[in-house]
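Welcome! Here is a short briefing for anyone meeting this structure for the first time. Have a look at it, and then we will go through it topic by topic.

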Amino acid sequence: MASHQTLLNERARRRRHLLRAVGTGGIAILPAAAEQVRSRDTHHPYRQNSDFFYFTGFEEPDAIAVFIPGRKQGEYLMFCRDRDPQREQWDGKRTGVMLAPQVLECDDAFPIDDIDDILPGLIEGCDQVYHTFGLDPEFDAQLMSWINQVHAKTRGWQNTPTEFVALDPLMHEMRIGKSRTEIGQMRRAGQLTAAAHIRAMQVCAPDMMEYALEAELGYCYRREGAFHAFEPIVAGGENACTLHYITNREPLKDGDLVLIDSGAELDGYAGDVSRTFPVNGRFSDPQREVYEVVLSAYHAAMAAVQSGNAFCDPHDAAVQELTRGLVKLGLLKGRVNNLIRAGEHTRFFPHRTSHWLGLDVHDVGEYKTDKAWRELEIGNVLTIEPGLYIPSGPGIPKHYRGIGIRVEDDVAVARDGADVISAGAPLSVEDIEATMATSSG
Ligand code: MG
């Protein structure tokens, strides 16, 4: 587990990198996430904006981080909520302006309520304003009003910003390359996720409700201080063919498979693992046949995770195996390469094999540069998640109808290939059946 000091050092290093990238003459403005109403006067659990958290580690709302490279009186400033005993009695402790420099290692801190008086003065004299535009139109409008104030006041006698620059590409290029510390944090999230999948396999039984199985995942996460990184999918039988099935309210039937796609968010980092297993603990022959195809695609994709390979290589390897399997099962007819070129496989595998993973489950970072797929580099973290979804319908052999299978793990690109950071949940038919034969006690 990374020590507090290690995390502070990491963030300091990130901020130095950001200050260098913005450069003298620039000012970068990074607001915290706004609280979101769930209904009437209740809110969703607060989740900090990932970019803001990456650079500050600050988990409170109503805060704005400001970076001004080369500013003598301090380059890293924080606007935050001040202490307020009355409010804190209701909503919990605040860091406050006085303690912020010590806790957050910022050079200076100001009350968020004073931002209208202070920020225009900081913008004055800068040439470029770096900000993620379009994320929060209300904040964009506020920022424009501060800049207009500066223009009105200086009337051309002083440098005022003439350039708006998107901050997100700078931040997201940084976030795509995970440090060793981050990969350690992500391994913990991945392993907790794997442990939850094992528990789900052990407690699953015919006639259980999908939500009851979902509850086992949440139990595993919360008792370790983690949250769901996203709404979990617990899909029995043909529900698995609905890719984002999250209602999870039907009974699990004897003889069906159940697909679980879930991830723990631990210390801000997401796990994202899928497993598909038989509700009664034993695969039927047709279920096993389809499962083996998906598993061979998983292994082919894993083998293609190598630094220097293109991001699309694992996907292409998976598609090759899945299409070959679909022909063998009699679900597609023709030559494998022709079928792939015509996109026939997408009837049964409509999604891609990988996405970046990090603070966000679908993490930031470009997949292509100049229209070419980007090369995998050591420190990238991505998912490998092939699947096959066979709907009921005409032209589909009866014994394959309604089978939906996905197998997913999280992978860091390492020197010698794929480092599966979510390893632990059984993968093979034999291992799944053996795990399900032992109860969780
Ligand atoms: Mg997933």
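A good place to begin is Glu-433, which counts as buried at 10% relative accessibility. Its salt-bridge partner is Arg-288, with 3.9 Å from N to O. Please keep in mind that this is a predicted model. From this pair we move on to other salt bridges, then to the two domains, and lastly to the metal site.

**The pair we started with**

- Glu-433 belongs to helix α13 (residues 429-437) and Arg-288 to helix α10 (residues 285-303), so their salt bridge ties together parts that are 145 residues apart in sequence.
- Unlike buried Glu-433, Arg-288 counts as partly exposed, at 27% relative accessibility.

**Other salt bridges**

- How many salt bridges does a search of the whole structure find? The search finds 25.
- One network, joined by salt bridges that share partners, takes in Asp-51, Arg-175, Lys-178, Asp-360 and Asp-363.
- Arg-188 and Asp-267 form another salt bridge, and their closest N and O atoms are 2.9 Å apart.
- Arg-188 sits in helix α8 (residues 180-203) and Asp-267 in the loop between β12 (264-266) and β13, so this pair ties together parts that are 79 residues apart in sequence.
- Both ends of that bridge are partly exposed: Asp-267 has 40% relative accessibility, and Arg-188 has 29%.
- A salt bridge also joins the side chains of Glu-10 and Arg-13, at 3.6 Å from N to O.
- Glu-10 and Arg-13 share helix α1 (residues 4-22), where they are three residues apart, or about one turn of the helix.
- Is each of these two buried or partly exposed? Glu-10 counts as buried, at 8% relative accessibility, whereas Arg-13 counts as partly exposed, at 38%.

**Two domains and where they touch**

- The protein is divided into domain 1 (4-175) and domain 2 (177-436).
- Their C-alpha centres lie 37 Å apart.
- To the contact, domain 1 gives 13 residues and domain 2 gives 16 residues.
- Together the two domains bury about 1200 Å² between them, and 42% of that is on carbon and sulfur atoms.
- Which three residues supply more of the area that domain 1 buries against domain 2 than any other three? They are Arg-47, Glu-173 and Arg-175, which supply 43% of that area.
- Between domain 1 and domain 2 there are five salt bridges.
- There are also eleven residue pairs in polar contact between the domains, counting pairs with both residues at pLDDT 80 or more.
- On the side of domain 1 that touches domain 2, at least two residues come from each of α1, α2 (50-56) and α7 (168-176).
- Helix α1 gives the largest share of that side, with five residues.
- Arg-14 and Glu-182 are a further pair to look for: their side chains meet in a salt bridge, at 3.7 Å from N to O.

**The magnesium site**

- Which residues provide the protein donors of the magnesium ion? They are Asp-261, listed with two OD entries, Asp-272 (OD) and Glu-408 (OE), and these donors lie 1.9 to 2.7 Å from the ion.
- Along the chain, the donors follow the spacing D-x10-D-x135-E.
- Asp-261 is part of strand β11 (residues 257-262), while Asp-272 is in the loop between β13 (269-270) and β14 (273-278), so the pair ties together parts that are eleven residues apart in sequence.
- Both Asp-261 and Asp-272 are buried.

Terms used. Residues are numbered from 1 along each chain as its sequence is written. This is a predicted model: local features need pLDDT of at least 70, side-chain atom pairs count only at pLDDT 80 or more; totals for chains, interfaces and linings use all residues. Side-chain values use heavy atoms; hydrogens and water are left out. Donors are N, O and S atoms within 2.8 Å of the metal (3.2 Å for Na, K and Ca); water is not among the atoms, so sites may look incomplete. Helices (H or I, at least four residues) and strands (E, at least two) are DSSP runs, numbered from the N terminus. Buried means under 20% relative accessible area, exposed over 50%, partly exposed in between (1.4 Å probe, protein chains only). A salt bridge is a side-chain nitrogen of Lys or Arg within 4 Å of a carboxyl oxygen of Asp or Glu. Domain bounds come from an automatic or database domain assignment. Contact means heavy atoms within 4.5 Å. Buried area is the accessible area (1.4 Å probe) that two parts lose on being put together, summed over both. A polar contact is a pair of N or O atoms within 3.5 Å; within protein, one must be able to donate a hydrogen and the other to accept it, and residues adjacent in sequence count only if both atoms are side-chain atoms.
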